[in-house]
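Reader: I'm just learning to read protein structures, and I'd love a close look at how the strands sit side by side in this one. Could you take me through that part step by step?

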Amino acid sequence: MKMPQDNPASLWSAIIATGNLSSRILVGLNAKANWAELVEGSIVESPSDELRGKSVLLATIDQFRAAAALIELDGIARRVVLFPPDVSREHLAYVAKTAEADILVTDQPDLASVNHGIGRVIFCNQGIAQAHADRGEQIETEWILLTSGTTGVPKLAVHTLASLAGSARHTESSPAPIVWSTFYDMRRYGGLHIFLHAALTGTSLVVSSAQESVADFLTRAGAHGVTHISGTPSHWRRALMSPWANRIAPEYIRLSGEIVDQAILNQVRSQYPHARVAHTFASTEAGVGFNVDDGLMGFPADVLDSNPLIEMKVKDGTLRIRSSRTAFRYLGADSPTLKDAEGFVDTGDTLELRDGRYYFTGRRDGIINVGGFKVHPEEVEAVINRHPVVAMSLVRAKRNPITGALVVADVVLKAMPVDNGAIAQQCDILQYCRAELDPHKVPTAINIVPMLTIGESGKLVRHA
C-alpha cells in the first residue's frame with residue numbers, strides 16, 4: 001500500500017527531509033549516534049530484503065536499538081509490532097499469532113528459546129553498522145502498539161506513521177538548540193510520540209532506560225542539556241522526590257498519561273520556575289487530543305472545539321475523539337470494536353463540567369462502589385495530594401460485606417515522620433479529606449507507605 005503523496009514515504013525519508021542530521025543526536029543509556037548515522041546504517045543483523053513485506057515483532061530491552069530498528073523497518077516491513085519489555089512473556093505467543101508475525105527482531109538471546117511461534121529470529125547489532133538498504137520501493141507500514149500487558153491479555157492497536165506523526169510535527173520556537181527527553185518508554189504511546197517528534201522536527205533526543213535509577217537518568221539528561229522533557233504525573237512526583245531533581249533545567253515540561261491534578265502542576269512549577277509547564281491528553285487509541293498550558297488542572301470547555309483537525313465531544317460523561325490521529329482498529333478476530341458508528345473513540349475518561357471548565361474525574365472502569373455511591377479514586381487522590389506533607393497517593397477499594405467496598409488510601413509523605421508523627425499526620429490527612437470530600441469519598445484508612453509502585457508505562461500500578 002503506497003503512502004499518500006502528502007505524507008512521507010517512511011520515517012527514514014522523513015528524517016532525511018529535516019536536514020542537519022549530523023548536528024543532532026539520539027542518546028541511549030549505552031550508545032549514541034547522530035541522525036545521519038541512523039539513516040545510513042543498520043541495527044538489524046539481516047539484509048533489508050529479508051525483512052521486506054514481513055510482519056516483524058520488535059522486542060528489545062534497549063530503547064536506542066528499538067529506535068534505530070524503527071527507522072530501518074518502517075517503509076520496508078508491512079507491519080511492526082512494538083513489544084514493551086514490561087509486558088509478560090506469557091503474552092508473546094498470543095501477540096505474535098494475532099499480528100501474524102514472520103520475524104522476531106530482538107536483543108535478547110534467550111527469547112530465541114521461548115515458545116513464541118515465530119519461525120525466524122534476527123538479533124540486533126551491538127551498535128550501528130554500515131548498510132546499503134534498498135529504499136527504492138517503500139510501503140505504508142502498520143505500527144502495532146500494545147495498550148496493556150501488566151495485567152490481562154494486551155489489545156493490539158493499529159496505527160501508521162501518518163496517524164502517529166499527525167500530532168508530532170509541530171515545532172517549538174527556541175533561540176538555542178532543543179534537546180528532548182522523556183521518562184516514558186518509547187514502546188508506549190507517550191514515549192513513541194516524543195521519539196517521532198524529535199525525529200520529524202529536527203531535534204536531539206535522550207531516551208531513558210528501565211536499567212537506570214531516577215537519579216542516574218536525571219543526571220544523564222542534565223549532562224546532555226535536555227531542554228524539553230515529558231512524563232506522567234507519577235514520573236514527575238517520583239522525580240521531584242529525588243535530590244537530583246535539580247540536575248535538569250528544562251525550558252518546557254509536559255505531563256500526560258494520567259490525570260494531572262493541581263498539586264503536581266504547582267510542584268513542577270515551583271521546582272522549575274522558568275519552565276513552561278503543559279499537560280496533554282493523549283491515549284494509544286485516540287492519539288493526542290489537546291494541550292493545555294494555563295497552569296490549571298482540567299481544560300476550558302472551548303478546547304473541545306479549538307482544533308479543526310480533531311473532533312471532540314463529551315457523551316455519557318466520557319470524552320470521545322475522532323480524528324486522523326486515532327488508531328484504525330484492533331487486531332484479532334475477537335477484538336473489541338475500537339470506534340463507534342460515527343468513528344469516535346470512547347476514551348473511557350470521565351469528565352465533569354464546572355464553571356466553564358472540564359475536570360477529569362477518573363476512569364469509567366475504575367469506579368469504587370460504596371453502598372451505591374460512585375467514587376473515582378483519582379478524585380480522592382487529587383485532594384490528598386494537595387495536603388502539604390503528601391508527596392503522592394493511591395486510592396483503592398477494600399471489600400466490605402455491608403457497603404460492597406470501602407475507600408482506603410496509601411500515602412507517601414514528603415518526609416518520613418519520626419516517633420509517633422505518622423499517627424498525627426494520618427489523622428490530619430483524614431481531617432483534610434473530611435473537609436474537602438463528600439462523606440462516602442472519605443478514606444476509612446490512611447496507610448503511610450515508603451513508596452508506591454509505578455509501572456514501566458509510567459502510571460501508578462493500581463490494585464485489582
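Author: Happy to! Two strands count as paired if DSSP finds at least two bridges between them. The strands themselves, like the helices, are DSSP runs numbered from the N terminus (E for at least two residues in a strand, H or I for at least four in a helix).

Before you start, keep in mind that this is a predicted model, in which local features need pLDDT of at least 70 and side-chain atom pairs pLDDT 80 or more, while totals for chains, interfaces and linings use all residues. Residues are numbered from 1 along each chain as its sequence is written, and side-chain values use heavy atoms, without hydrogens or water.

Let's begin with an open sheet. Five strands build it, and reading across gives the order β16-β21-β20-β18-β17, with antiparallel pairing. At its edges you will find β16 (299-300) and β17 (310-315), each of which pairs on one side only. Now look further in, where β18 (residues 318-323) meets β20 (residues 345-354): three bridges hold these two strands in an antiparallel pairing. To see how the two strands line up, find T318 and look across to β20, where T350 stands opposite.

What happens between β20 and β21? The chain passes through a loop there, and D355 has its place in that loop. D355 is worth a pause, as its phi is near 55°, a positive value in a residue other than glycine. D355 is also exposed, because its relative accessible area is 82%. (Exposed means over 50% relative accessible area, buried under 20%, and partly exposed in between, using a 1.4 Å probe and protein chains only.)

Next, turn to the aromatic rings. How many aromatic pairs does a search of the whole structure find? The search finds 10. One of them brings together F299 and F360, with ring centres 5.7 Å apart and planes at 45°, so this pair is tilted. (Rings of Phe, Tyr and Trp, the last by its six-membered ring, pair if their centres lie within 6.5 Å; planes under 30 degrees apart are stacked, over 60 edge-to-face, the rest tilted.) The F299 and F360 pair links distant parts of the chain, with F299 in β16 and F360 in β21 (residues 357-363), 61 residues apart. Both F299 and F360 are buried. These two rings also have company: ring pairs link F281, F290, F299, Y358 and F360 into a cluster.

Rings can have charged neighbours too. The charged end of K313 sits over the ring of F344, at 4.2 Å from the ring centre. In another such arrangement, R354 places its charged end over the ring of Y359, 4.1 Å from the centre. (Here "over" asks for NZ of Lys or CZ of Arg within 6 Å of the ring centre and within 35 degrees of the ring normal.)

Now let's move to another strand, β9. Is β9 buried or exposed? Five of the five residues of β9 (residues 156-160) are buried, so this strand is largely enclosed by the rest of the structure. If you follow its side chains, L156, V158 and T160 point one way, while A157 and H159 point the other way, and all of them are buried.

Which strands pair with β9? One is β8 (residues 142-146), which joins β9 in the antiparallel sense over five bridges. Within this pairing, E142 stands opposite T160 in β9. Another partner is β19 (residues 329-330), which runs antiparallel to β9 and is joined to it by two bridges. In β19, Y330 is the bridge partner of A157.

One last stop is R79, found in strand β5 (residues 79-82). R79 is buried, because its relative accessible area is 6%. Leaving aside neighbours within four places in sequence, R79 is in contact (heavy atoms within 4.5 Å) with a list of residues that includes E142, I144 and R329. Other residues in contact with R79 are K54, S55, V56, A99, E100, T141 and L331. E142 should look familiar: it is the residue that stands opposite T160 in β9.
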